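Let's take a look at how two protein chains meet, and at the empty space left around them. Have the picture open as you read.

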Amino acid sequence: MNIQYKKGVLELCVLALLHQRDRYGYEVSELLSKTIELADGTVYPILRKLKTDGLVTTYLCEESGGPPRKYYSLTDLGRKTYAEDRADYLNFAKNIESILEETSK
Amino acid sequence: MTKLDYLNELKNELKKNGVVDSEDILSEYEQHFLFKLADGFPEEEIAAKLGSPETVAAQFAGIRQERKGTGGKKAFLVAGLAFLGILEGSLDLLFLGFILGLTGAALASAAIGAELILNVNFAGLLPPMPYAGALILGVMMLSLAVLLMIAALYCFAYLRQMVRASLRWRKNRLSEAALPPLPTSPQFSPKTRRAARSVFLGTLMVFGVSFVLGYLILGLYTHSWGFWHALGWFGYPPVVY
């Protein structure tokens with residue numbers, strides 16, 4: 001699939017995963033690469049971008065037997081952005097679908 | 001490419017792209033390697049699946065740099081923390097002095113106890129008394145020494161934990177990825193706690209019993225409940241038996 005399609009929606013997918021609950025970077029990377037074909041290294045820049053944009057915050061959580069894990073958590077802004085972007089995307093996808101179906105008749 | 005090669009190259013690429021905070025990013029990728037290795041993937045394959053360090057670094061370079069707290073605000077914070085640190089440090093020192101005092105008292109009690117039990121009177125420090133009484137009082141002094149030492153150790157553990165918690169708190173104020181705060185009271189394992197408690201209670205019991213017993217023996221010996229008068233302690237004229 002065209003890489004340009006993925007790029008735009010990956011942020012939304014990451015937000016969706018973090019909306020469920022706080023996760024650490026590797027968890028997000030694994031969950032995404034299960035359904036979307038992408039290089040494993042792509043998720044971390046996205047997480048970082050979301051952080052600099054103020055949509056997520058991080059905190060470290062000490063795990064028994066291992067270095068502390070960095071968890072990502074949605075901020076209020078992140079939650080708001082997710083709700084809006086999700087609605088936008090679903091609406092957009094619906095419109096595209098209807099165009100494609102109508103023209104194929 | 002091995003894990004080390006990959007991380008090194010990524011570091012160089014990040015530097016080339018002028019990305020700040022590369023430590024933070026590298027640790028994320030290192031963890032990725034560790035998780036994957038734990039799942040049994042070879043390093044080469046993990047590195048290949050991550051995408052080339054160049055591409056990854058380029059993705060980081062596209063993000064606008066985050067601004068860490070403005071200079072003035074940070075300087076103010078550091079000054080505040082330093083001032084607090086002086087206050088805290090002096091209180092800690094005071095507490096440390098108290099702990100050293102406790103330790104000294106414990107050592108002195110132990111020395112006196114040993115002298116009493118071994119029936120030596122080094123430097124003529126001990127007042128005269130019959131050996132039966134001295135033995136019991138020696139046991140008492142030894143148990144007192146143990147009690148004081150336990151107190152000193154507990155206080156030291158407390159001081160140590162307070163300093164650690166305070167350092168953690170400082171670190172969290174100054175850096176952005178915050179670690180969970182530490183408790184200020186010492187955390188012993190249940191096993192240690194139980195052991196310490198039973199040693200303390202046992203020793204306390206020995207102390208109480210030997211105190212009463214020693215008092216009784218010396219009282220009976222001198223036929224006086226104020227035996228220290230009769231034995232001629234503290235400058236009283238001794239009664240000769």
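How much area is buried between chain A and chain B? Keep in mind that this is a predicted model. The answer is about 2400 Å², with carbon and sulfur atoms giving 53% of that area. On chain A's part, A:Tyr26, A:Tyr44 and A:Arg48 supply 29% of what the chain buries against chain B, more than any other three residues. The contact draws on 26 residues from chain A and 26 residues from chain B.

Now for the polar side of things. There are 8 residue pairs in polar contact between the two chains, and 4 salt bridges cross the interface. One of the salt bridges pairs B:Asp24 with A:Lys70, whose closest N and O atoms sit 2.9 Å apart. Several elements of chain A, including helix H3 (43–52) and strand E3 (69–74), each give at least two residues to the side that touches chain B. H3(A) provides the largest share, 6 residues.

What about empty space? The count comes to 3 cavities of 30 Å³ or more, and the largest cavity holds about 100 Å³. Residues from both chains line the largest cavity, among them A:Tyr44, A:Arg48, A:Lys70 and B:Asp24. Its largest lining share, 4 residues, comes from H2(B).

Here is how the residues split by class:

| Surface | Nonpolar | Polar | Charged |
|---|---|---|---|
| Side of chain A that touches chain B | 10 residues | 6 residues | 10 residues |
| Lining of the largest cavity | 5 residues | 1 residue | 5 residues |

Definitions and conventions
Residues are numbered from 1 along each chain as its sequence is written. Chains are lettered from A and ligands numbered from 1 in the order in which they are written. This is a predicted model: local features need pLDDT of at least 70, side-chain atom pairs count only at pLDDT 80 or more; totals for chains, interfaces and linings use all residues. Side-chain values use heavy atoms; hydrogens and water are left out. Contact means heavy atoms within 4.5 Å. Buried area is the accessible area (1.4 Å probe) that two parts lose on being put together, summed over both. A salt bridge is a side-chain nitrogen of Lys or Arg within 4 Å of a carboxyl oxygen of Asp or Glu. A polar contact is a pair of N or O atoms within 3.5 Å; within protein, one must be able to donate a hydrogen and the other to accept it, and residues adjacent in sequence count only if both atoms are side-chain atoms. Ala, Val, Leu, Ile, Met, Phe, Trp, Tyr, Cys and Pro count as nonpolar, Asp, Glu, Lys and Arg as charged, and the others, Gly among them, as polar. On a 1 Å grid over the protein atoms alone, a cavity is a set of points where a 1.4 Å probe fits but cannot get out, and a pocket is an open set with protein on both sides within 12 Å along at least five of seven lines; lining residues have an atom within 4 Å of a point. Grid points are joined across faces, edges and corners, and a volume is the space filled by probe spheres set on the points.
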